[in-house]
Amino acid sequence: MQRRKLLAFAVAFLLAFSPALRAFALSKSEEGQLGRRAVAQVEKAYRISEDPFLDVYLNKIAQKVEKAMGEAPFPIRVKLIADPSINAFAIPGGNVYLTTGILYAAAGEEELAGLLAHEMSHVYGRHIVNRFEKAEKVQLATAAAVLAGLILGMSGSSDLGMAAMTFGIAAGETKMLSYSRADEEDADRRALRALKASGYSGWGMVTLMDTLRKNSSTPEGYPAYLLSHPPPESRVGYLSAELGPQPAEGYPEGRDEFLLAQIRALGFDKRPWGRAHALELADKNPEKFERQLGAEIVLRSEGDITFAKKYLELAGTLRPRSDELLYEAALLKSTGEEPGLLQQALEEAVKTNPDSIPLKRTLSKLLVEKGDYAGALALLESLEASGDRWDKLPYQKGMALGGLGRTAEGFALLGDFYAYSNPELALGYLRKALAGTEDSEKKAGLKKEIERISGEMKSQEIR
C-alpha cells in the first residue's frame, strides 16, 4: 500500500508539473515549486522531528558549511525523518533530509558535517535538475518511477532494486537520470572545500563510508545511502589526496553536542536500546551536562517523570542557566504535576535566554494556541529578524496576524503555507486574502497564485 501511494504521488506531481515528453528546462521558480511539491509529499509519508533544539543543531552545522560554500540557489533547510534505514537525500529547492538511522550510525559531528556538505553540494550543483533537463526523451512515467524510487529507497525495503533507484540509480532508461560520476565528484569536491573552509577536517566524508559499511556484511544489506552514493576506490583516493593526514585523535569537534543530538533523536524515534544507552552514558559521565540531560530527555519521552527529574537536577548543578535545561524543566512541568505552569516556565526561560531560538519557537507556538496573538507575533517577528528558517514560522505568523484582526495578511501567509500540501485549503485562504486586500500589487500576486492552484487542480480532475 505504501509503495502504491508513493508511486501515485510521483506520477501525479510530475504530470501536474509538466506535459508528457517535454524537456525539463526548469527556471529557478519552477525548481522551487518542484521542491515544495516533493517536500509536501515526503512529509505526508514520514514523521518529521519537531524538536527545536535538534532542528537548530542540524541546521547550525549546515549553515556553517553553507557560509563557506557561498550563496545558495535556495536557502538550505535540514530535516530529520523518523526512519530506521540509513539514508539521506537532497530535494530541489534546498531541502536536505536525513534519517534517524544515519544519525545513529554516524560516529561524530565531523561525519555528520561531511554528509550534509555532500548533500548540500547536490543542491548547489543542481545535479538532480540537470539530469532531468538532459533527459529530453525520457517518458514522464520513467521519471516518476525514479522519484518514487528515491522515496521508496528510504522505506527500509528489502527490495534491492527499488532501494537502488534512490537518487535515480537504476537500470535501463532510468540510468540516464542518475547522478553521474562527474556529479558525485563535483559534490565531493565542493563539499571538501567548504568543510575545510568552515573548520572541519573533511575526513568525515571518507570515514562515514567505512562507518556505513560496518552496518552491512553483504551487498544485499547495504544501507540505501551507499546504493545511491557508491564509494569506489577512486573516490576515496582523490579525497584522501586532498585531505592530508587523518587526525589520530579522532573527531573531538562537537562531540558532546553531537551525542546529545543523537539522544534527542531517541526521544523522537525510540529504539529498544535507547534507555539503557542514555542511562549508561549519564552514569559513566556524571560531570557531563549533555549526558545527564540526555538521560532526562529519554526518560521524559517514556513518561518516567520521577526518574527524569533526578537527571534534570544533576544537569542543573552543571549548567543551571542553560536554555536546554530550562526547556526540559518546562516540559517536565507540563507532563508532571503542574501542567498549567508550562507557559510561565517558558516565559521565564526566554527572559533568562532571550536569544534562544528553540525557546522562542516553543513559546510562540504555545502563545498562538493560548490566544495571546500579540505576544506570539512579537516573538515570531524577532525570529524572522534573526534569520531563523523555521518552516512553521509562516503558519504561526499567519495565525497570529489573523487573531489580531490583520486577516488579509494572515490568510495570505496561510494560503502560501498550504499551497502544495493542501491546495483546496490554500485556495480558501487566498480568496479570503484577496477579498480583504486593497494593495493592487498584492492583489495581482494573489490572483496569479489562485489561478495557478486552480489550474493544477482542474488538470488533476481531468486526468
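Begin by selecting strand 3 in this predicted model, where Asn 95, Tyr 97 and Thr 99 point one way from the strand while Val 96 and Leu 98 point the other way, every one of them buried. In a regular strand the side chains alternate between the two faces of the sheet. With five of its five residues buried, strand 3 is largely enclosed by the rest of the structure.

Before moving on, display the whole chain as a cartoon. Its secondary structure comes to 24 helices and three strands, and 54% of the 463 residues count as buried. Among the contacts with a separation of 6 or more, 65% are between residues 24 or more positions apart.

**The sheet**

Now add strands 1 and 2 to the selection, and an open sheet of three strands appears, in the order 1-3-2 and with mixed pairing. Strand 1 (77–81) and strand 2 (88–91) stand at the edges with a single partner strand each, so one side of each has no neighbour in the sheet. Neighbouring strands are turned against each other by 20° on average, direction ignored.

Take the pairing of strand 1 with strand 3 next: the two run parallel and are joined by five bridges. To follow the register, pick Lys 79, whose bridge partner in strand 3 is Tyr 97, and then Leu 80, whose partner in strand 3 is Leu 98. Although strand 1 is an edge strand, five of its five residues are buried; Arg 77, Lys 79 and Ile 81 point one way from the strand, and Val 78 and Leu 80 the other way.

On the other side of the register, strand 2 and strand 3 (residues 95–99) pair in the antiparallel sense over four bridges, and Phe 89 stands opposite Tyr 97 in strand 3. These two strands form a hairpin with three residues between them, and in the turn Gly 93 has a positive phi of about 105°.

Select helix 2 (residues 28–45) to see what lies across the sheet: this helix passes over strand 1, strand 2 and strand 3, and runs at about 140° to strand 2.

**Arg 271**

Move to the loop between helix 13 (255–268) and helix 14 (274–284), where Arg 271 is placed. Arg 271 has a relative accessibility of 18% and counts as buried, because the cut-off for that class is under 20%. Show side chains here, and a polar contact appears between the side chain of Arg 271 and that of Asp 269, at 3.0 Å. Leaving aside its neighbours within four places in sequence, Arg 271 is in contact with Asp 83, Pro 84, Thr 100, Gly 101, Tyr 104 and Leu 266.

**Helix 9**

Helix 9 (residues 181–198) is a good place to check the geometry of a helix: at 1.5 Å a residue its 18 residues should span 26 Å, and its end C-alpha atoms are 25 Å apart, which agrees. Colour its buried residues, which include Asp 183, Glu 184, Ala 187, Asp 188, Ala 191, Leu 192 and Leu 195. An α-helix has 3.6 residues a turn, so residues three or four places apart point the same way. Just after helix 9, Gly 199 takes a positive phi of about 105°.

**Two helix pairs**

Select helix 18 (residues 342–352) together with helix 19 (residues 357–370), which pack at an angle of about 145° with their axes 10 Å apart; their crossing is left-handed. The contact involves residues including Leu 342, Leu 346 and Val 350 of helix 18, and Leu 359, Leu 363 and Leu 366 of helix 19.

Continue to helix 20 (residues 373–385) and helix 21 (residues 393–403), whose axes come within 9 Å and cross at roughly 145°, again in a left-handed crossing. Among the residues that make the contact are Tyr 373, Leu 377, Leu 380 and Glu 384 of helix 20, and Leu 393, Lys 397, Ala 400 and Leu 401 of helix 21.

Finish in the loop between helix 20 and helix 21, at Ser 386, which is partly exposed, with a relative accessible area of 45%. The side chain of Ser 386 reaches the backbone oxygen of Leu 383 at 2.7 Å. Then draw a C-alpha to C-alpha distance from Ser 386 to Asp 355: the two are 31 residues apart in sequence and 9.1 Å apart in space.

Notes: Residues numbered from 1 in each chain as written. Predicted model: local features only at pLDDT ≥ 70, side-chain atom pairs only at ≥ 80, totals over all residues. Heavy atoms only, no water. Pairing = 2+ DSSP bridges. Axes fitted to C-alpha atoms, helices over the stretch in contact; angles between N-to-C directions. Contact = heavy atoms within 4.5 Å. Buried < 20%, exposed > 50% of the residue type's maximum accessible area, 1.4 Å probe, protein only. Polar contact = N/O pair within 3.5 Å; in protein donor to acceptor, adjacent residues only side chain to side chain. Expected span 1.5 Å × (residues − 1). Left-handed = near helix turned anticlockwise from the far one by under 90°.
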